[in-house]
Amino acid sequence: MAKVVWQSGIEYVSGALCKCGKKEPHKHGRMLLATHRRAATTSDSCNRIYLRDETNIQISNSADSVWARQRFKTVAGMVRQRSMDLSKLTQDQMDFIAQRNNPRGIKTMRAYYWHICGQEYDAQHPRE
């Protein structure tokens, strides 16, 4: 791996240095990416540079992927509505706190909403 030596005045560089091919939404072009890690080590080589080659993302239109995208879109809308519904907020918070510390309890309120709304969607739309 190459070692990066910085000139005086430059502490570090982090992030995408070159994003190529932004015009096509499902084609990821070449990329030059630099990372900097802050760790308590004796090594001073905490900077790394990566090159990514072009990749093509193939979106599948199988029945399973179409169903999964539709379920995600619908459940996301249900989560958004339920989180803003003041008539259910207090009861949802009490139910969330009651299950949070269980061994299989859900740890965040948003994940709890996704769980509840996902169960509602699956009950209303049984999968063949």
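Helices α1 and α3 cross in a right-handed manner, and this crossing is a convenient place to start a tour of the predicted model. The two helices pack at an angle of about 120°, and their axes lie 9 Å apart. Because of that angle, α1 counts as oblique to α3. On the α1 side, the contact is made by Gln70, Arg71, Phe72, Thr74, Val75, Ala76, Met78, Val79, Arg82 and Ser83. On the α3 side, the residues taking part include Arg110, Tyr113, Trp114, Ile116 and Cys117, and Gly118, Glu120, Tyr121 and Asp122 belong to the contact as well.

Helix α1 itself deserves a closer look. It covers residues 63–84, and at 1.5 Å a residue its 22 residues should span 32 Å. The C-alpha atoms at its ends are 32 Å apart, so the model agrees with the expected span. Which residues of α1 are buried? They are Ser65, Val75, Gly77, Met78, Val79 and Arg82. These buried residues pack against two other helices, α2 and α3, the latter formed by residues 109–124. Val75, Met78, Val79 and Arg82 of α1 also appear in the contact with α3 described above.

Charged residues come next. Side chains of opposite charge can pair when their charged atoms come close. A search of the whole structure finds 4 salt bridges. One of them joins Asp64 and Arg127, with the closest N and O atoms 2.3 Å apart. Asp64 lies in helix α1 and Arg127 in the segment after α3, so this pair ties together parts that are 63 residues apart in sequence. Asp64 is partly exposed, with a relative accessible area of 48%, and Arg127 is also partly exposed, at 46% relative accessibility.

Arg82 provides a second setting for charge pairing. At 15% relative accessibility, Arg82 counts as buried. Arg82 forms a salt bridge with Asp92, in which the closest N and O atoms are 2.8 Å apart. Since Arg82 lies in helix α1 and Asp92 in helix α2, the pair ties together parts that are 10 residues apart in sequence. Arg82 also forms a salt bridge with Glu120, where the closest N and O atoms are 2.6 Å apart. Here the partner lies in helix α3, so the pair of Arg82 and Glu120 ties together parts that are 38 residues apart in sequence. Arg82, Asp92 and Glu120 are thus linked in a network of salt bridges.

How do the acidic partners of Arg82 sit in the model: buried or partly exposed? Asp92 is buried, with a relative accessible area of 4%, whereas Glu120 is partly exposed, with a relative accessible area of 30%. The cut-off for buried is under 20% relative accessible area, so the value for Asp92 falls within it.

The surroundings of Asp92 complete the picture. Asp92 is placed in helix α2, which is made of residues 86–100. Leaving aside residues up to four places away in sequence, Asp92 touches Arg82, Met109, Tyr112 and Tyr113. Arg82 is thus a contact of Asp92 as well as its salt-bridge partner, and Tyr113 is also among the residues of α3 in contact with α1.

Definitions and conventions:
Residues numbered from 1 in each chain as written. Predicted model: local features only at pLDDT ≥ 70, side-chain atom pairs only at ≥ 80, totals over all residues. Heavy atoms only, no water. Helix = DSSP H or I, 4+ residues; strand = E, 2+ residues; numbered from the N terminus. Buried < 20%, exposed > 50% of the residue type's maximum accessible area, 1.4 Å probe, protein only. Contact = heavy atoms within 4.5 Å. Expected span 1.5 Å × (residues − 1). Salt bridge = Lys/Arg side-chain N within 4 Å of Asp/Glu carboxyl O. Axes fitted to C-alpha atoms, helices over the stretch in contact; angles between N-to-C directions. Parallel < 35°, antiparallel > 145°, perpendicular 65-115°, else oblique. Left-handed = near helix turned anticlockwise from the far one by under 90°.
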